[in-house]
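Grab a pencil and get the sequence and the 3D view ready. Try each exercise on your own before you read its solution.

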Amino acid sequence: PLDGAEGTYVSILGKYFGTTAGTVTFLGLSGTSDDKTASLASCSNAWTNTSVVVLVPQGAKSGPLEIKNSIGKDATNDTRGPAISDFKVNSTKRPGICQLTPSKEKSGTTFVIEGDGFGSSQGNNYISFGNSYATVSNWAASAKSISALVPVLSAGDNSVKVNVNNVDSNALTFTILSPTTGTKPLISYVD
């Protein structure tokens, strides 16, 4: 999301982040006096080469974000990448996705969403999956994990979000694999 309260999970999606965790800083207003370094979400895949999940730090102010690794940095308000709106720190408590396991699979298989703030039962809550929805197989009472089926969609990347009480979580990417990925060879004819 581009807004949320302290502790909200924020996904930063892109490329070249590296596999060794760097830092994400909420830059706030101009100058460095209110810059706040975010903590990584507490899951095994919080920092990958293409996505980083952090929590809005305590005392963060609205403004741009910056990601930094051993090679360099990029900010949401610089000329390196696309212009991205400033993150707005407010009082909105959002559900948060920490990771998807697996994050690549064929349609019809089960995947698990790990995070926080999902609520103890599904009720009217749902999982958006690209332009579709995932069918829930288990909405854990712990409010920290959901099992669902990958919808039948074309192969490719899809944004996954959890909606709780009409409030969206951060998004993570799930790649639907081609139905023939990993299929054993099949001889149809020999002449």
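Below are four short exercises, each with a worked solution.

Before you start: this is a predicted model, where local features need pLDDT of at least 70, side-chain atom pairs count only at pLDDT 80 or more, and totals for chains, interfaces and linings use all residues. Residues are numbered from 1 along each chain as its sequence is written, and side-chain values use heavy atoms, with hydrogens and water left out.

**Exercise 1: an open sheet**

Work out in which order the four strands of the open sheet sit, and which strands are at its edges.

Step 1. Strands here are DSSP runs of E with at least two residues, numbered from the N terminus, and two of them pair if DSSP finds at least two bridges between them.
Step 2. Reading across the sheet gives β4-β3-β7-β8, with antiparallel pairing.
Step 3. The edges are β4 (36-37) and β8 (73-75), since each of these pairs on one side only.
Step 4. Zoom in on β3 (residues 23-26): two antiparallel bridges connect β3 with β4. Threonine 25 has threonine 37 in β4 as its bridge partner.

**Exercise 2: the disulfide**

Find which cysteines are joined by a disulfide, and say how the bond is twisted.

Step 1. Look for cysteine sulfur atoms within 2.5 Å of each other; that rule gives one disulfide.
Step 2. The partners are cysteine 43 and cysteine 98, with 2.1 Å from S to S.
Step 3. Place them on the chain: cysteine 43 is in the loop between β5 (39-40) and β6 (51-55), while cysteine 98 is in strand β10 (residues 96-101), so the link spans distant parts of the chain, 55 residues apart.
Step 4. The S-S torsion is about -100°, so this disulfide is left-handed.

**Exercise 3: asparagine 163**

Is asparagine 163 buried or exposed, and what does it touch?

Step 1. Locate asparagine 163 in strand β16 (residues 156-164).
Step 2. Its relative accessible area is 5%, so it's buried (buried is under 20%, exposed over 50%, partly exposed in between, with a 1.4 Å probe and protein chains only).
Step 3. Leaving out residues up to four places away in sequence, asparagine 163 touches Asn125, Tyr126 and Asp168 (contact means heavy atoms within 4.5 Å).
Step 4. A polar atom of its side chain lies 3.1 Å from the backbone nitrogen of asparagine 166.

**Exercise 4: alanine 60**

Find where alanine 60 sits and which residues it touches.

Step 1. Alanine 60 belongs to the loop between β6 and β7 (65-68).
Step 2. Its relative accessibility is 6%, so alanine 60 is buried.
Step 3. With residues up to four places away in sequence not counted, it touches Glu6, Phe26, Lys36 and Val89.

Notes: Polar contact = N/O pair within 3.5 Å; in protein donor to acceptor, adjacent residues only side chain to side chain.
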